[in-house]
Every structure is written in C-alpha cells, then in structure tokens.
Amino acid sequence: MNQQISFLIEIQNIDMDLLKYEEAAKEILKDIKETEDAINIKEERREELKEELLDLSKKIDMEELNIKSYDGRIAKMKDTQKLIQTNKEYNAMQKSIKDNESLKKKSEDDMLLYLTNKDELNNKISQVQKEVVQLTNSLSEKRDIYKRNKQKFDAAKKDFNSKKDLLVSRVKREYYTVYETIKRNKKLPAITSVTQSGACTGCYRMLPPQQFNELLSETLFMQCPICSRILYVEQNNLEKTEK
Ligand SMILES: [Zn+2]
C-alpha cells in the first residue's frame, strides 16, 4: 500500500479514537447535567412541600387555640347556667352552649383532617428527601467517573497527539490538508476503502471502472468523485483482484 495512504489511515485511526473518548466524555457530562437538573427539581419540590407543611402547622395551632377557647366559653356558660332563674334564659344559654359545642366539633374535625394531611406531607417530604440523597450520591459517583476518565483521556490524548504529529510530519502537506478538509466537512471517515467490486465505502457508490483500475495500481492519491473522500484499496482485496 502507498505509504502516504498508510500514514493517513493511521492518522485517521488516532482521530477516531480521540473522537470516541470525546464523545464518551460528552455523554457523561450530559448525564451529570441531567442528574443536576433532576436534583434541582426534587429540591424545589421538597421546599414547596415544606412550605405547605408550615402553613398546615399554623392552621393546626390555630385550631388548637380555637378548641381551647370554645372549651373555656362552654365551661363559663355552664357555670352561669346553674345560676339562671328563668326557663327562657336557661334555654337561651343552652342554645349558646350547643352552638359553641358544634363550633368546637367543627374545629376538631378540621384538626383531624389537618393532622392526616400533615402525616401525608411528612411522608412525601421524606420520600422526596430520600430521592434527593440517592440522586446526590449518584451524581458524585458520576463526577468521580468523569474525573477519572478525564485524567485517562488527557494522558491518552497527549500520547495520541505526539504519535499523530509524527505521522503528520511524514505526510505530504497537500494530502493532509485534503484529509483535514474532508474530516471537517463530512466527519470521519475521511479516508475510506474501496470494495472488491469498486464501490466507495464512504458513500457506497460505484467508481468509474477506469478510476477503479487506476486505484488498483496503488500509486495514486485519489478522491471519490462523488463524496470526495480519499480512497484506498485494502491489501487483501488487492491480492484477490490480482489472482
Ligand atoms: Zn464516495
């Protein structure tokens, strides 16, 4: 195989490995961001629930006071009732006592409902809190993984780049420029093999027969006329064709 082409293939292999690392890092960062967002949403929900709980506690305190004051009033009225002389006054007092008793009953019912709601709210809050803790743990694991991968990636990148620099220095400037341009425009692969039947594996279109024959002679730097990728023939394909 043309040595220039071999260098370009090696450069491309390095670029593909670098790309894989970058994409894996991006994936983890995306995952981290999503987990952070999920934590924020849960924390907001938890704060909302806590406010609801605060309001509810105020209502409960209020009803407690109400019940106490109804009790006080009822007791006073009962004392007064004992001293009442006339039936009419007695009945009027009795009615007031009954009214206060039904108000007290209403407060007690409300109180019971508030207490049930309070239990439910407390359960909800502890559930959300549990989820926040789980997400936070998973976030710190993900951050650790990212940090470890980043260190590995940075080391590998340095290694890859020095290998790549060496290869680039051995490739003709114009060839490398073509490679970089295709890589930028079409993404990888920028250099691609041709099948035994003469199709470009970048775009899967057939090459004109004459061009395919020229490529088989292995001496040319050639681009696909359709997708403009740099073409080469795999060594084993070449042997099969020659037989
Ligand atoms: Zn092509």
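Two residues count as in contact here when their C-beta atoms, placed from the backbone, lie within 7 Å. With that in hand, the model, which is a predicted one, can be read from its overall outline down to single residues.

The protein holds five helices and three strands, and from the N terminus on these run α-α-α-β-α-β-β-α. Its radius of gyration is 41 Å, well over the 18 Å that the globule rule gives for 243 residues, so the protein is more spread out than a compact globule. The C-alpha trace spans about 130 × 35 × 30 Å along the principal axes. Just 11% of the 243 residues are buried. Even so, among contacts with a separation of 6 or more, 73% link residues 24 or more positions apart. The chain is divided into domain 1 (23-151) and domain 2 (173-242), and the C-alpha centres of the two domains sit 71 Å apart.

Helix 1 is a good place to start looking. This helix has 81 residues and covers 121 Å from its first C-alpha to its last, close to the 120 Å expected at 1.5 Å a residue. Its buried residues are Ile-5, Phe-7, Leu-8, Ile-11, Gln-12, Lys-42, Leu-49, Glu-63 and Tyr-70. What covers them? The cover includes helix 2 (87-170), helix 3, strand 1 and strand 3. Leu-8 gives a closer view: leaving out residues up to four places away in sequence, Leu-8 touches Val-171, Tyr-175, Tyr-179, Ile-191 and Ile-230.

Leu-8 also turns up in the largest nonpolar core, a set of 18 residues in which Leu-8, Tyr-179, Ile-191, Val-194, Ile-230 and Leu-231 have the most contacts. Two or more residues of this core come from each of helix 1 (3-83), helix 3 (173-186), strand 1 (191-194), helix 4 (209-216) and strand 3 (230-233). In soluble globular proteins, nonpolar side chains tend to be buried together.

The three strands make an open sheet in the order 1-3-2, with mixed pairing. Strand 1 and strand 2 (222-223) are at the edges, each pairing on one side only. Strand 2 and strand 3 run antiparallel to each other and pair over two bridges; here Met-222 stands opposite Leu-231 of strand 3.

The loops hold some backbone oddities. In the loop between helix 3 and strand 1 lies Pro-189, and a cis peptide bond, with omega about 0 degrees, joins this proline to Leu-188. Further on, Tyr-204 has a positive phi of about 60 degrees although it is not a glycine. Tyr-204 belongs to the loop between strand 1 and helix 4, and it counts as exposed because it has 10 C-beta neighbours inside 10 Å. Ser-228, in the loop between strand 2 and strand 3, is another non-glycine residue with a positive phi, this one about 65 degrees. With 17 C-beta neighbours inside 10 Å, Ser-228 counts as partly exposed.

Is Arg-205, in the loop between strand 1 and helix 4, buried or exposed? Arg-205 is exposed, because 12 other C-beta atoms lie within 10 Å and the cut-off for an exposed residue is 12 or fewer. Leaving aside neighbours within four places in sequence, Arg-205 is in contact with Ala-199, Cys-200 and Ile-226. Ile-226 is 21 residues from Arg-205 in sequence, yet the two are 7.6 Å apart in space, C-alpha to C-alpha.

Technical notes:
Residues are numbered from 1 along each chain as its sequence is written. This is a predicted model: local features need pLDDT of at least 70, side-chain atom pairs count only at pLDDT 80 or more; totals for chains, interfaces and linings use all residues. A nonpolar core is a set of buried Ala, Val, Leu, Ile, Met, Phe, Trp, Tyr and Cys residues joined through C-beta atoms within 7 Å. A residue is buried if 20 or more other C-beta atoms lie within 10 Å of its own, exposed if 12 or fewer, and partly exposed in between; C-beta atoms are placed from the backbone. Helices (H or I, at least four residues) and strands (E, at least two) are DSSP runs, numbered from the N terminus. The expected span of a helix is 1.5 Å times one less than its number of residues. Domain bounds come from an automatic or database domain assignment. Two strands pair if DSSP finds at least two bridges between them. The radius of gyration is taken over C-alpha atoms; the globule rule is 2.2 Å times the number of residues to the power 0.38.
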